[in-house]
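Subject: A structure for you to look at

Hello,

Here is the structure I promised to pass on. Have a look at it first, and then read my notes below.

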Amino acid sequence: MAALAELSVPSNGTEYLDIDSFVRALDDWAVKKKFSFRMLRRDAQRAVYVCAEEGCGWRVRARPTDDELWVLVIDDDEHRCIGRGVRKFASSSKKEWLDPVVSRHLNVTKETRPKDIEDLLRVRFAEKISYKVAQQCKLRLLDGDIGAQQHSFQLLPAYKELLEKVSPGVHVDLIRDRHSKLFPSLFSSFSNYL
Ligand SMILES: [Zn+2]
C-alpha cells in the first residue's frame, strides 16, 4: 500500500485556493486514515464538515481569509467512531478524487478493465470501490483522454533521465506549470554537439 504514503494529512491552518481543493485535501485524509465525512453546513463565512458516522466528534471547518483563500480549522481530529466510514460518503468513490488518482497510476485505455481500476484501489489504497464506479471512472478518463495525457506527462522525467543517460552532454529541462501540474515545455540543449 505504498500509494497511501503519497496522501497527506492536512495540518491546522493550511490555506487553500478554493473549497474544492480544501475538500480534495479532506478526501486524501479520509482515504489515508479510513473514515468518511460529510458537509454539515455551508455559508459565506464557513463550510463545516463532520465525520459521516453518527455521534463521532471529528469536525473541521474552512474559514475564508482576507485574501480570498480558505483556511483549515481543525476543531476535533479524534474519531470515536468504530466503523469504517459510510459508503455513500466514501472519498475513493468520488470522481473528483478518483479520476486524477487513477490516471496517475494507470494508463487507462479501451483495453483497461474496470476490475483493473478496482484492483488498483484495493491493492494500493486499501479502498473498495464498486464495479460501476470503476466502469464510470474508465469511461470518463477515456472520454477526456485525461488518463493517457497525465500518464505521458508522468513519464517525462523518466524520458529525461533516459535521454541524458544515453546521450552524455544532453541536458533536458522540464518546466512544470504550477497551476496545471503538467509540463507545457520541454527544452533540450545539445550544447556538446554544437
Ligand atoms: Zn469518525
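Helices and strands here are DSSP runs, with at least four residues for a helix and at least two for a strand, numbered from the N terminus. Please keep in mind that this is a predicted model.

With that in hand, the protein chain has five helices and seven strands. Starting at the N terminus, their order is β-α-β-β-β-β-α-α-α-α-β-β.

How confident is the prediction? The mean pLDDT of the protein chain is 84, with 75% of the residues at 70 or more. Confidence peaks in strand E4 (residues 59-64), at a mean of 98, and is lowest in strand E7 (residues 185-189), at 46. The pLDDT stays below 50 over residues 177-194, a stretch that has 21 contacts in the model beyond near neighbours in sequence.

Now for the inside. Of the 194 residues in the protein chain, 22% are buried. The largest nonpolar core has 29 residues, and those touching the most other members are Phe 22, Leu 26, Phe 37, Val 102, Ile 117 and Cys 137. Several elements each supply at least two residues of this core, including strand E3 (46-51) and helix H4 (131-144). Helix H1 gives the largest share, five residues. Domain 1 (1-87) and domain 2 (90-144) each contribute at least three residues to this core.

Try finding Phe 37 on your screen: leaving aside neighbours within four places in sequence, its contacts include Leu 26, Tyr 49 and Phe 89.

Best wishes

Terms used:
Residues are numbered from 1 along each chain as its sequence is written. This is a predicted model: local features need pLDDT of at least 70, side-chain atom pairs count only at pLDDT 80 or more; totals for chains, interfaces and linings use all residues. pLDDT is the predictor's confidence in each residue, from 0 to 100. Two residues are in contact if their C-beta atoms, placed from the backbone, lie within 7 Å. A nonpolar core is a set of buried Ala, Val, Leu, Ile, Met, Phe, Trp, Tyr and Cys residues joined through C-beta atoms within 7 Å. A residue is buried if 20 or more other C-beta atoms lie within 10 Å of its own, exposed if 12 or fewer, and partly exposed in between; C-beta atoms are placed from the backbone. Domain bounds come from an automatic or database domain assignment.
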